[in-house]
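Subject: A structure for you to explore

Hi,

Here is the structure I promised to pass on to you. Have a look around it first, and then read my notes below.

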Amino acid sequence: MGIEAVMSARTGRALSDQWADGVAVRPRTTERHITVHKRLVLGFAISILALIAVTAVAVALTVKFERCVGDPNGDGHGEANARATPGTSSATGTRTQDARTKGDGDDDTDDEDTRFPWRRARLPTALRPRHYDLALSVHMDNFTFAGRVSVDVECVNATRYVVLHADGLDVRAVALVHADGRRAGAGAVRVHRHFSYAPAQLYVIALHRELKPLRTYRLNISFQARRENELLGFFRSSYMLHGERRFLAVTQFSPTHARKAFPCFDEPIYKATFKVSLRHEASYQSLSNMPVEASTVDEDGWVTNHFSRTPRMSTYYLAWAVCNFTYREAVTESGVV
């Protein structure tokens, strides 16, 4: 009799009982496998839920970012950066105020450039300048000047906004009228409000009604400013003569500094003709791109020089000076002064 049989006999257990014990162990192993499978399924489910949660958060952040792009200040005020100049309407209106400038049937989901054209890096293309009539009074004693510019603009696309450049100018009054032959004298276009947008050196005029394409309008703006000593725009300079300091006022508009002297479409692509008039004390003389067409003396002794119309050109080609220099003129064979 073998050892296993002896042991079985001693313990009172037969071989069949040992086989039964082996069979009884297998259910425990299967139960552990089921537990592991349940844990894997639970972990997979948790991973799916976490992925869904992360996706929802990402979508929410994307929507918030798009809203912030439309409103950089994040306070719901679409024009908080626009600053009103003296004598103009406040420029800190909300989107609700912008909506009041829209006509019936307009959708609040208009393109960003349509609702806030002054936020673009370039001027809107809805208007094109054709001609400028610029009149300036230059005060040499206190380094200031005041002016009035009338700009004939052609409407290319319907728009409620007139956007042009102005840097450091105190705009006093704005008016827009019809300039078409058929509609000349038909009345002014009602201005809702106007304000300066300093971050882009722009001046914005919001209208109650849209300007119509293929029509011409005349924009009239009165303004004043100081002549700074910065060698840009319309600036002052000085020199010594026989121990006496003398002053002069000159321009440097290239590449984009005409906006410091008068409101204009100050991009090279916007070409127009110019007629300049300079008013100053009789002890000074004035020069510009073109010869003097007429000169008048006012009751206060000041002189106004009216210069001829320029060729069609960009704003940075325009130039003038008020000084007491002597000068010499010559005309080329092609007629250029």
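Let me start with R160, which is buried, as its relative accessible area is 15% and the cut-off for buried is under 20%. Please keep in mind that this is a predicted model.

Which residue does R160 form a salt bridge with? The partner is E210, and the closest N and O atoms of the two are 3.9 Å apart. Side chains of opposite charge can pair when their charged atoms come close. Along the chain, R160 and E210 are 50 residues apart, with R160 in strand 3 and E210 in strand 7, so the pair links distant parts of the chain. Unlike the buried R160, E210 is partly exposed, at 34% relative accessibility.

Now for the sheet around this pair. Three strands form an open sheet in the order 3-7-6, and their pairing is antiparallel. Strand 3 (159-165) and strand 6 (191-197) are the edge strands, because each of them pairs on one side only. From one strand to the next, the twist averages 20°. If you would like to trace one pairing by eye, try strand 6 and strand 7 (residues 202-211), which are antiparallel and share six bridges. One place to begin is H194, whose bridge partner in strand 7 is I205. In a regular strand the side chains alternate between the two faces of the sheet.

Next, turn to strand 9 (residues 233-241) and strand 10 (residues 244-252). These two run antiparallel and are joined by nine bridges; F235, for instance, has V250 in strand 10 as its bridge partner. How many residues lie between the strands of this hairpin? There are two, and H242 takes a positive phi near 55° in the hairpin. Another salt bridge to look for is the one between R246 and E244, with 3.9 Å between the closest N and O atoms. Both residues are partly exposed: R246 has a relative accessible area of 24%, and E244 has one of 44%.

A third salt bridge joins D298 to R279, and here the closest N and O atoms are 2.6 Å apart. This pair also links distant parts of the chain, 19 residues apart: D298 sits in the loop between strand 13 (292-297) and strand 14, while R279 belongs to strand 11 (residues 273-280). D298 is partly exposed, at 25% relative accessibility. Elsewhere, D167, E230 and K260 are joined into one network by salt bridges that share partners. Over the whole structure, a search finds twelve salt bridges.

Is T304, in strand 14 (residues 303-307), buried or exposed? It is buried, because its relative accessibility is 9%. Beyond its neighbours within four places in sequence, T304 is in contact with several residues, including D298 and R279, the two partners in the salt bridge above. Others on its contact list include S277, L278 and A294.

Finally, look at the surface. F44, I48, L49 and I52 make a nonpolar surface patch of about 430 Å². One of these residues, I52, lies in helix 2 (residues 15-70). With a relative accessible area of 52%, I52 is exposed, since the cut-off for exposed is over 50%.

Happy exploring, and do write back with any questions!

Best wishes

Key
Residues are numbered from 1 along each chain as its sequence is written. This is a predicted model: local features need pLDDT of at least 70, side-chain atom pairs count only at pLDDT 80 or more; totals for chains, interfaces and linings use all residues. Side-chain values use heavy atoms; hydrogens and water are left out. Buried means under 20% relative accessible area, exposed over 50%, partly exposed in between (1.4 Å probe, protein chains only). Contact means heavy atoms within 4.5 Å. Helices (H or I, at least four residues) and strands (E, at least two) are DSSP runs, numbered from the N terminus. Axes are lines fitted to C-alpha atoms, for helices over the stretch in contact, and angles run from 0 to 180 degrees between N-to-C directions. Patches are made of residues with over 30% relative accessible area and no salt bridge: like charges are joined within 9 Å, nonpolar side chains (Val, Leu, Ile, Met, Phe, Trp, Tyr) within 5 Å. Accessible areas come from the Shrake-Rupley method with a 1.4 Å probe; for residues, only the protein chains shown count as cover. A salt bridge is a side-chain nitrogen of Lys or Arg within 4 Å of a carboxyl oxygen of Asp or Glu.
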